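Biologist: I should like to go through the ligand site and the internal spaces of this model. Would you take my questions in turn?

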Amino acid sequence: MQTRKVNDFPKDFLWGASSAAFQIEGAAYEDGKGLSVMDVRKVKPEICDYSVASDHYHRYKEDIALMKECGLKAYRFSIAWTRIFPKGNGEVNQKGVDFYNDLINELIRNDIVPIVTIYHFEYPQGLVDQYGGWINRRSIEDYVNYAEFLFRTYGDRVKYWLTINEQDHVVHMPFRLGLTDDNRKEKEKLGFLANHNMCVAAALAIKKCHEIVEGGKIGPATCFEMMYPTTNNPADMLATMDAMEIRNYYLLDLNCRGEYNGTFRRYLEDRNMMPEIYPGDMEAMKENRPDFLAFNYYYSESISANPLDDEHEIGDIEFKLLPSKEAGIYKVVKNENLKATLWGWEIDDTGLQCSARLLYDRYRLPLLITECGFGNKEVWPEEGILEDDDRIDYLSRHIRAVKEAMNLGVDFIGFCCWSFIDLISGHSGFSKRYGFVYVNRDEHDLKDMARRKKKSFYWYKRVIETNGEEL
Ligand code: BG6
C-alpha cells in the first residue's frame, strides 16, 4: 500500500551487520578449538576451506574499529561451540572462553550491541562421533548445557541471543548434521528427527536464558523464503500454501507456538517421517516462547503445482541444495519478473515486505533481520575503490521494504546486513563476497588480508548517520 507519509525508523533501531564464526574467524585449529562438521567437510578443490577465513580471530580489534567508524549499532556473530567445548561436551577450553570475552568487551567499549548466535551450522564433530549428533536425544542435553554455559559466562553483557541459525536449512542439508549426502530420501526422515530434537533443545535454552540472563531476549534465526504462486491458476495457489507450510511455517510454528501444524503433521505421517514425541516435548515448546523472531532473507521463490505423474510418486523430492520440487506438492520455477544474482538468487525486496507482514501477522513477535545481503564476484581495482553499486542498490531497496512494513505496523528491532567484512560464503568460498569491507585474499592465495573500504561502506555509514533517511 502506498501512503502519503512513510514513518521514520525509531531512534533505537539496531543498524547492524552479521557473520558466523566458521566463515570469518579462521584459526580453525588454534588455541584448543575442536573440530566441527564444517571443518571436516570436504570442499571442492576450487574452493577454500575454513582454516583461515578472514582471520578475524587475530584481527577482531581492527575489524571492530572499522565497525565503529561505519557507525554500527549492533554486531551479530556466532560463538564456535567447539572453541568452548572442543568435543561438544565435557571439558571447557579456557582460551576459547577468553576469546569471546575479549570480543564482547571490545564491542561494548565501542558502543556496539552484541547479538550472539549460539549455534550457526558448526556442530561439534565430537558429538557426531559420540552418538550421532542431533539425531540422538542426547543432543538436547548437550546443547542446553552449552547454551547455559554461555548465558552464565557472557549474559551480564550480552542481552540478545539467537538459538539456532537456519535450522530449516540444517534439516535439509545432511552434511550440516554430520551425515553423508547419499540417499537423500532417508536423510529427510533423519532431518525431521533432528529438527524435533533441535526444537526441544531451543525451547529449553530459551527457558534457561530467561532464568539466567537479566533482561535477556532470545529467539530463533530462521531463513524465510517468500513464495508466490506462478500464475493465477488456483492449483498454483494451493501449491504455494503447501510449500509455505512445509518449508517455512513448519519450523516457526514449533518454535513460536509449540505445535506441528496440520499440514506438516499430515505430510510427515503420510511419508512415515513423524519423529517420536516424548512426554514434555510439546509443553517445553509451548511454555517457552521466543521474545522476538529473527530471520534471514535473500530471495523469493515462484511456485507451481506439481501433480503426480506416471514417473513420480509421493515422497519423490528433487534438491537444488534445498528441496526444489516435491511430487504431488510443488515445484520452484523461474520468476520472469525478477532479476537474479550470479548465483540465480532472485532479487526481490517486495518479498521482504511480504515476509515481514506475514510473519508479524502470524506470530505477533518483534522481528529482527539477522541476514540480508548481495553476494558478488569482486576484484579490487588497480585505481580508486571498489564501487559495489549493485550491493548498495540491493540493500537500499531491502531496507526500504523494512521501512514500509514498519509503516504498516510491523514491529522491527533492527536490520543486520550480511556481511560487514568479506567472509567465506556457505557454498562458494571466497569467490562470493558480501562485505562492505574487502578482504584482500583469494580463494587459495592469502595475500596480505588487508581490509579495504568499498563504496558501500560509506553508503551504509550515511544510512546509519541519517537513521535510514538517506537510503
Ligand atoms: C545463510 C547463512 O544461509 O546465508 C550464512 O546463514 C550464509 O551462513 C548466507 O553465508 C549466504 O549464503 P551463501 O551460500 O551465499 O554464503
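The exchange below treats the ligand, the pockets, the cavities and two backbone features.

Modeller: This is a predicted model, in which local features need pLDDT of at least 70, side-chain atom pairs count only at pLDDT 80 or more, and totals for chains, interfaces and linings use all residues. Residues are numbered from 1 along each chain as its sequence is written, and side-chain values use heavy atoms, with hydrogens and water left out.

Biologist: Which residues come nearest to the ligand?

Modeller: A residue is near a molecule if one of its heavy atoms lies within 4 Å of it. The shell around the ligand has 5 nonpolar, 7 polar and 3 charged residues, where Ala, Val, Leu, Ile, Met, Phe, Trp, Tyr, Cys and Pro count as nonpolar, Asp, Glu, Lys and Arg as charged, and the others, Gly among them, as polar. Of these 15 residues, the nearest are Gln-23, Glu-166, Gly-426, Lys-432 and Tyr-434.

Biologist: How much of the area that the ligand exposes when taken alone does the protein bury?

Modeller: Polar contacts (pairs of N or O atoms within 3.5 Å) link oxygen atoms of the ligand to a polar side-chain atom of Lys-432 at 2.7 Å and to a polar backbone atom of Gly-426 at 2.5 Å. Taken alone, the ligand exposes 380 Å², an accessible area from the Shrake-Rupley method with a 1.4 Å probe. Of that area, the protein buries 95%.

Biologist: Which strand gives the largest share of the lining of the largest pocket?

Modeller: On a 1 Å grid over the protein atoms alone, a pocket is an open set of points with protein on both sides within 12 Å along at least five of seven lines, and lining residues have an atom within 4 Å of a point. The ligand sits in the largest pocket (more than half of its atoms lie within 2 Å of the grid points), and this pocket holds about 930 Å³ of space, a volume filled by probe spheres set on the points. Its lining of 40 residues draws two or more from each of S8 (300-305), S9 (317-320), S10 (322-326) and S11 (330-333), strands being DSSP runs of E with at least two residues. The largest share, 4 residues, comes from S10.

Biologist: Which helix gives the most to the lining of the second largest pocket?

Modeller: The second largest pocket has a volume of about 270 Å³. Its lining divides into 6 nonpolar, 2 polar and 5 charged residues, and Lys-339, Ala-340, Ile-347, Phe-374 and Asp-393 lie nearest its centre. With 4 residues, the most comes from a helix (a DSSP run of H or I, at least four residues), namely H14.

Biologist: Which helix provides the largest share of the lining of the largest cavity?

Modeller: A cavity is a set of grid points where a 1.4 Å probe fits but cannot get out, and the structure holds 5 cavities of 30 Å³ or more. About 60 Å³ of space lies in the largest cavity, whose lining has 7 nonpolar, 3 polar and no charged residues. Two or more lining residues come from each of H9 (184-212) and H10 (234-257). The largest share, 4 residues, comes from H9.

Biologist: Which residue that is not a glycine has a positive phi of about 55°?

Modeller: A separate backbone feature is the cis peptide bond between Trp-418 and Ser-419, with omega of about 10°. The residue with the positive phi lies in the loop between H11 (262-270) and H12 (281-287). This residue is Asn-272.

Technical notes
Polar contact = N/O pair within 3.5 Å; in protein donor to acceptor, adjacent residues only side chain to side chain.
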